[in-house]
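Colleague: Before I use the terms in your description, I should like to hear the reasoning behind them. May I ask about them one at a time?

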Amino acid sequence: MILSQEDSHGGVKVVRAEVPLPNMFGYSTSLRSATQGPRDLHMEFKKYSPVPAKLAETVLKKAG
């Protein structure tokens, strides 16, 4: 979920978003490929959230 987008110094865009951690794997590589230029990626833990029921069911089946 995108929380905000801002223009910063030198034409740099700052996007603040909340994203499930598994969705972030490989994102740095994709971002580098898409922008073909300098980029900076900062991630930090914000909160735990409930897992959607279908996904929870799939994870539990795989676990045991």
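The conversation below goes through the terms one by one.

Modeller: Please note at the outset that this is a predicted model.

Colleague: What makes up the secondary structure of the protein?

Modeller: The protein has three helices and two strands. Read from the N terminus, the order is β-β-α-α-α.

Colleague: How do you know whether the protein matches a compact globule in its radius of gyration?

Modeller: For 64 residues, a compact globule would have a radius of gyration near 11 Å, whereas the protein has 16 Å. The protein therefore does not match the value of the globule rule. The box filled by its C-alpha atoms, taken along the principal axes, is roughly 50 × 25 × 15 Å.

Colleague: What share of the residues is buried?

Modeller: Buried residues account for 3% of the 64 residues; the term requires under 20% relative accessible area. The accessible surface comes to about 6,200 Å², and 58% of this belongs to carbon and sulfur atoms.

Colleague: Why is the contact of K13 and D7 called a salt bridge?

Modeller: The cut-off is 4 Å between a side-chain nitrogen of Lys or Arg and a carboxyl oxygen of Asp or Glu. The N to O distance for K13 and D7 is 2.9 Å, which is within 4 Å, so the pair qualifies. Both K13 and D7 are exposed.

Colleague: Why is the pair of K47 and E18 also called a salt bridge, and what does the pair tie together?

Modeller: Their distance is 3.6 Å, N to O, and this is within 4 Å, so the term applies. K47 lies in the loop between α2 (27-35) and α3 (53-63), and E18 in the loop between β2 (13-17) and α1 (21-24), so the pair ties together parts that are 29 residues apart in sequence.

Colleague: Why is E18 called partly exposed?

Modeller: The relative accessible area of E18 is 21%. Buried means under 20% and exposed means over 50%, so E18 falls in between. K47, at 48%, is partly exposed as well.

Colleague: How do you know how K61 and E57 are classed by accessibility?

Modeller: K61 has 61% relative accessibility, which is over 50%, so K61 is exposed. E57 has 39%, which lies between the two cut-offs, so E57 is partly exposed. Their side chains meet in a salt bridge of 3.4 Å, N to O. They are four residues apart in helix α3, and therefore separated by about one helical turn.

Colleague: How many salt bridges are found in the whole structure?

Modeller: The search finds five.

Note on methods: Residues numbered from 1 in each chain as written. Predicted model: local features only at pLDDT ≥ 70, side-chain atom pairs only at ≥ 80, totals over all residues. Heavy atoms only, no water. Rg over C-alpha atoms; globule rule 2.2 N^0.38 Å. Buried < 20%, exposed > 50% of the residue type's maximum accessible area, 1.4 Å probe, protein only. Areas by Shrake-Rupley, 256 points an atom, 1.4 Å probe, with all protein chains shown as cover.
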